[in-house]
Amino acid sequence: MSIAQPAVTPIPSFRTRVLTHPLLRIVLGVAAVMLPITLTLALIHAVVPQPLRVVWPMPLAALLSFLSYRLFATRVEKRLPSELALPGAAREVGAGVVAGAALGLKVAVILAVMGAFVITGSSTGWDALLKCLPEQIMVATFEELIFRAVLFRIVDQRWGTRVALAVSFVLFALAHLPNDNISALAVLNTAVVSLALCAAYMMTGRVWLPIGIHFGWNFLYDGVFAVPLSGHAARGWLQVSLPGPEWLTGGAYGVEASVLTLLVWGIATVLMLKRAQPHHLA
């Protein structure tokens, strides 16, 4: 007869149970990403003279956001964040930039063939091509950390991939509702793009590919082509006219409100999700 005592599973403390709740982790993760950006830019704006606030503040804020997210993962979630693993990161970012720009060029070329995308001139200097670079680095960074590394990952872990995709679909679109000149088609396009970016995350389990795709699309339409981007004023290198109906060109919101964008990104999303599922379930 054995006298060994049965193993007793320790009961997690109240603090541990609270900190491991997925909803609280989402809130803390979003705060970890956004606070460094908000506070860094506010501090720099307050103490650094305008002539010295060129290029570096936004990339610095993006870097601090990465470091803060890593701290959140190690201290709150008690794990090493594999989604930020550096080996191969440059290759994935580069591939993403190419993919995002390629999708943007497909939309531009088809619109041009239809006479709805006309290059009318260029800015006087190359600085117009680069003036949006720091901002788009920061935007791609914090949006992908929030919506892929925090939101999609945690919801996927707790409630499954379908729920995570649905939540990302809705919340990414809702986050863009305050943008100027937004339309129902723009909201739908934004939601579909979110699915594609989730698929890119699922394919690698890391944030680098979706960051690259996000940046590639944004930089093409904010830096190369002077086209409104998500309702923001055009400011790129090549001046562009968008003659035609708003459902085709996107109007004042930019091509992200075009039915053609819905078609191009819709096809890309279906293909990427099919490719992502085996990787994600492996």
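Three strands make up an open sheet in the order 1-3-2, with mixed pairing. This is a predicted model, so please read each point below as a description of that prediction. Besides the sheet, the briefing visits a salt-bridge network around glutamate 77 that also takes in Arg25, Arg79, Glu83 and Arg153, a nonpolar surface patch that includes Leu67, and the surroundings of methionine 272, a buried residue.

**The sheet**

- Strand 1 (118-122) and strand 2 (225-226) are the edge strands, and each has a single partner strand, so one side of each has no neighbour in the sheet.
- Strand 2 and strand 3 (residues 238-241) run parallel and are joined by two bridges.
- If you would like a pair to look for here, phenylalanine 225 has leucine 238 in strand 3 as its bridge partner.
- As background, strands of a sheet pair through backbone hydrogen bonds, in either a parallel or an antiparallel way.

**Salt bridges around glutamate 77**

- Nine salt bridges are present in the structure.
- In one of them, the side chains of arginine 25 and glutamate 77 meet at 2.9 Å, N to O. Arginine 25 belongs to helix 2 (residues 22-47), while glutamate 77 sits in the loop between helix 3 and helix 4 (89-113), so this pair ties together parts that lie 52 residues apart in sequence. Both arginine 25 and glutamate 77 are buried.
- Glutamate 77 also forms a salt bridge with arginine 79, where the closest N and O atoms are 2.8 Å apart. Glutamate 77 counts as buried because its relative accessibility is 14%, under the 20% cut-off. Arginine 79, with a relative accessible area of 23%, is partly exposed.
- A further partner of glutamate 77 is arginine 153, with the closest N and O atoms 3.0 Å apart. This pair links distant parts of the chain: arginine 153 is in helix 6 (residues 133-159) and glutamate 77 is in the loop between helix 3 and helix 4, 76 residues apart. Both arginine 153 and glutamate 77 are buried.
- Through shared partners, salt bridges join Arg25, Glu77, Arg79, Glu83 and Arg153 into one network.

**A nonpolar patch on the surface**

- Trp56, Leu60, Leu63, Leu64 and Leu67 form a nonpolar surface patch, and together they have about 420 Å² of accessible area.
- Leucine 67, one of the patch residues, is found in helix 3 (residues 57-75). Its relative accessible area is 48%, so leucine 67 is partly exposed.

**Around methionine 272**

- Methionine 272 is part of helix 11 (residues 259-281). A relative accessibility of 17% is why methionine 272 counts as buried.
- Which residues does methionine 272 contact, leaving aside neighbours within four places in sequence? They are Ala196, Ala199, Ala200, Met203 and Ile213.
- Leucine 197 is 75 residues from methionine 272 along the chain, and their C-alpha atoms are separated by 8.9 Å.

**Annotated transmembrane regions**

- An unreviewed UniProt entry lists residues 23-48, 54-72, 93-117, 162-178, 184-203 and 253-273 under "transmembrane region".
- Over residues 23-48, the model is 96% helix and 0% strand, with the end C-alpha atoms 37 Å apart.
- Over residues 162-178, the chain is 82% helix and 0% strand, and the end C-alpha atoms are 27 Å apart.

Definitions and conventions:
Residues are numbered from 1 along each chain as its sequence is written. This is a predicted model: local features need pLDDT of at least 70, side-chain atom pairs count only at pLDDT 80 or more; totals for chains, interfaces and linings use all residues. Side-chain values use heavy atoms; hydrogens and water are left out. UniProt positions are given in the numbering used here, feature names are shortened, and annotations may be inferred rather than shown by experiment. Helices (H or I, at least four residues) and strands (E, at least two) are DSSP runs, numbered from the N terminus. Buried means under 20% relative accessible area, exposed over 50%, partly exposed in between (1.4 Å probe, protein chains only). Contact means heavy atoms within 4.5 Å. Patches are made of residues with over 30% relative accessible area and no salt bridge: like charges are joined within 9 Å, nonpolar side chains (Val, Leu, Ile, Met, Phe, Trp, Tyr) within 5 Å. Accessible areas come from the Shrake-Rupley method with a 1.4 Å probe; for residues, only the protein chains shown count as cover. A salt bridge is a side-chain nitrogen of Lys or Arg within 4 Å of a carboxyl oxygen of Asp or Glu. Two strands pair if DSSP finds at least two bridges between them.
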